[in-house]
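Visitor: Please take a close look at one part of this structure, and then set that part in its wider surroundings. I should like each term given with its cut-offs.

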Amino acid sequence: MAELLFGTAGTPHSARSGATIDGIERIVELGLGCMEVEFVRGVRMSEPSARQVAEVAAREGIKLSAHAPYYINLNAHEPEKIRASQERVLQTARIAALCGAQSVVFHPAFYLGDPPEKAYDTVKKYLEEVVQRLKQENNRVWIRPELMGKQSQFGTVEEILNLCTEVEGVAPCIDFSHWHARTGIFNSYQEFASILLQVKERLGRAALDDMHIHLSGIKYGGKGEIKHLDLKESDLEYKELLKTLRDYEVKGLVICESPNLEDDALLLQATYKNLLKAG
Ligand SMILES: [Zn+2]
C-alpha cells in the first residue's frame, strides 16, 4: 500500500442506495479512498454481484475490505457453533476475494468464562483450520482478527499480535477506539505510538506498511465498550492518533465506524492531510 486511505464501514449514508456499488461510487464523489463491505448480518451477495463490485472498485481505484458476520465465536463450547463460525469466516473470505477485497475482518471470540490462555489455544486451533482451508483454495485474502472493546471479548493487543505471529496468513485489525474503551486509557500520543511499536516489533515494518485500522468515537464504562459515537461527541484524541500514524509512516486502510460514517471519515482524512502538510 502506497499511502494511508480513509473510508467508511459500509455504504456511506449519502449514497444513492445501500447497495455496495452505489457505496463505492459515493466514496469516489466524496474523495475518500476505501470502503469496508459489511457482511455483519450474513453473507448475502451473489458471485456475479461480487465480480461487478470488483470491477467498479478497480475502475474507480477504491480499495475494499470486508467485515465478517458478528455471529462468530471460535471459542464456542458446542462443536456445531465452532463449525458455523469457521464457515462464516470462510464464506466472507470467498466473497471478499471475488470483490477484490484484500482483507477480511472478524470478531474472533468470547471467553465465556474460560481462562484467556485456554481461549487462546482454542481460537488459534480453529483459526489455523480456516487459513489452511483458504490456502488450499488459493485464496490470498488476509484474515484479520479485530482488537475488541469489551472485556468479555477475546481480542487484546497481545492476543491479536500472538495470533498474527503464530498463524500464517493472519494480520491484525487494530481498533484504537476499542482498545481505549477496553482499558480506559490508551488515548495519548505516547500510548498510541506504543501500540504501533508493538506491531512493528512483533510483525515487522511490513505490517505498518499494510495496516488495517478501525476508528470511531466511543462510549465506554467499567466493562469496556458501550457504543460507538461520532468523534466530536467522544473523548477520543483522534488528532494525536493521526499524528502517530503520520510519524510512524503507517500505510493501509482506516475504516471509520462512527454512526455518521462519511462525516467522520472526511474529518479524519482532512485532519490527517493537514498534519502531513504541517510536517
Ligand atoms: Zn468489527
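**A loop residue and its surroundings**

Guide: Leaving aside residues up to four places away in sequence, Glu237 touches Asn187 and Phe192, where contact means heavy atoms within 4.5 Å. This is a predicted model, in which local features need pLDDT of at least 70 and side-chain atom pairs count only at pLDDT 80 or more, while totals for chains, interfaces and linings use all residues. Residues are numbered from 1 along each chain as its sequence is written, and side-chain values use heavy atoms, with hydrogens and water left out.

Glu237 belongs to the loop between β11 (224-229) and α9 (238-247); helices (H or I, at least four residues) and strands (E, at least two) are DSSP runs, numbered from the N terminus. With a relative accessibility of 40%, Glu237 counts as partly exposed, since buried means under 20% relative accessible area, exposed over 50%, and partly exposed in between (1.4 Å probe, protein chains only). Tyr189 is 48 residues from Glu237 in sequence, yet their C-alpha atoms are 8.5 Å apart in space.

Ser177 offers a buried counterpart, at a relative accessible area of 1%. Ser177 is part of helix α6 (residues 176-183) and touches His214, Leu215, Ser216, Ile218 and Leu236, again not counting residues up to four places away in sequence.

His214 and Leu215 fall within strand β9 (residues 211-215), which pairs in the parallel sense with strand β12 (residues 252-256) over five bridges; two strands pair if DSSP finds at least two bridges between them. Within this pairing, Ile213 stands opposite Val254 in β12. Both strands belong to an open sheet of eight strands with parallel pairing, in the order β6-β4-β3-β2-β1-β12-β9-β8. The edge strands are β6 (142-145) and β8 (174-175); each has a single partner strand, so one side of each is left without a neighbour in the sheet. Helix α10 (residues 262-278) lies across β1 (4-9), β9 and β12, and runs at about 170° to β1; axes are lines fitted to C-alpha atoms, for helices over the stretch in contact, and angles run from 0 to 180 degrees between N-to-C directions.

Elsewhere in the sheet, strand β2 (residues 34-38) pairs with β3 in the parallel sense over five bridges, and His67 in β3 is the bridge partner of Glu38. Strand β3 (residues 63-67) is mostly covered, with four of its five residues buried.

His67 also leads to the metal site. The zinc ion is coordinated by His67 (NE2), His107 (NE2), Glu146 (OE) and Glu146 (OE), at 2.1 to 2.7 Å. Donors are N, O and S atoms within 2.8 Å of the metal (3.2 Å for Na, K and Ca); water is not among the atoms, so sites may look incomplete. The angles between the four donor atoms are 51 to 149°, which makes the arrangement irregular. Four donors count as tetrahedral if all angles lie between 85 and 135 degrees; four count as square planar and six as octahedral if opposite donors are over 155 degrees apart and all others between 65 and 115; anything else is irregular. The donor residues follow the spacing H-x39-H-x38-E in sequence. His107 lies in the loop between β4 (103-106) and β5 (109-110), and Glu146 in that between β6 and β7 (153-154), so the pair ties together parts that are 39 residues apart in sequence. His107 is buried at 16% relative accessible area, and Glu146 is buried at 0%.
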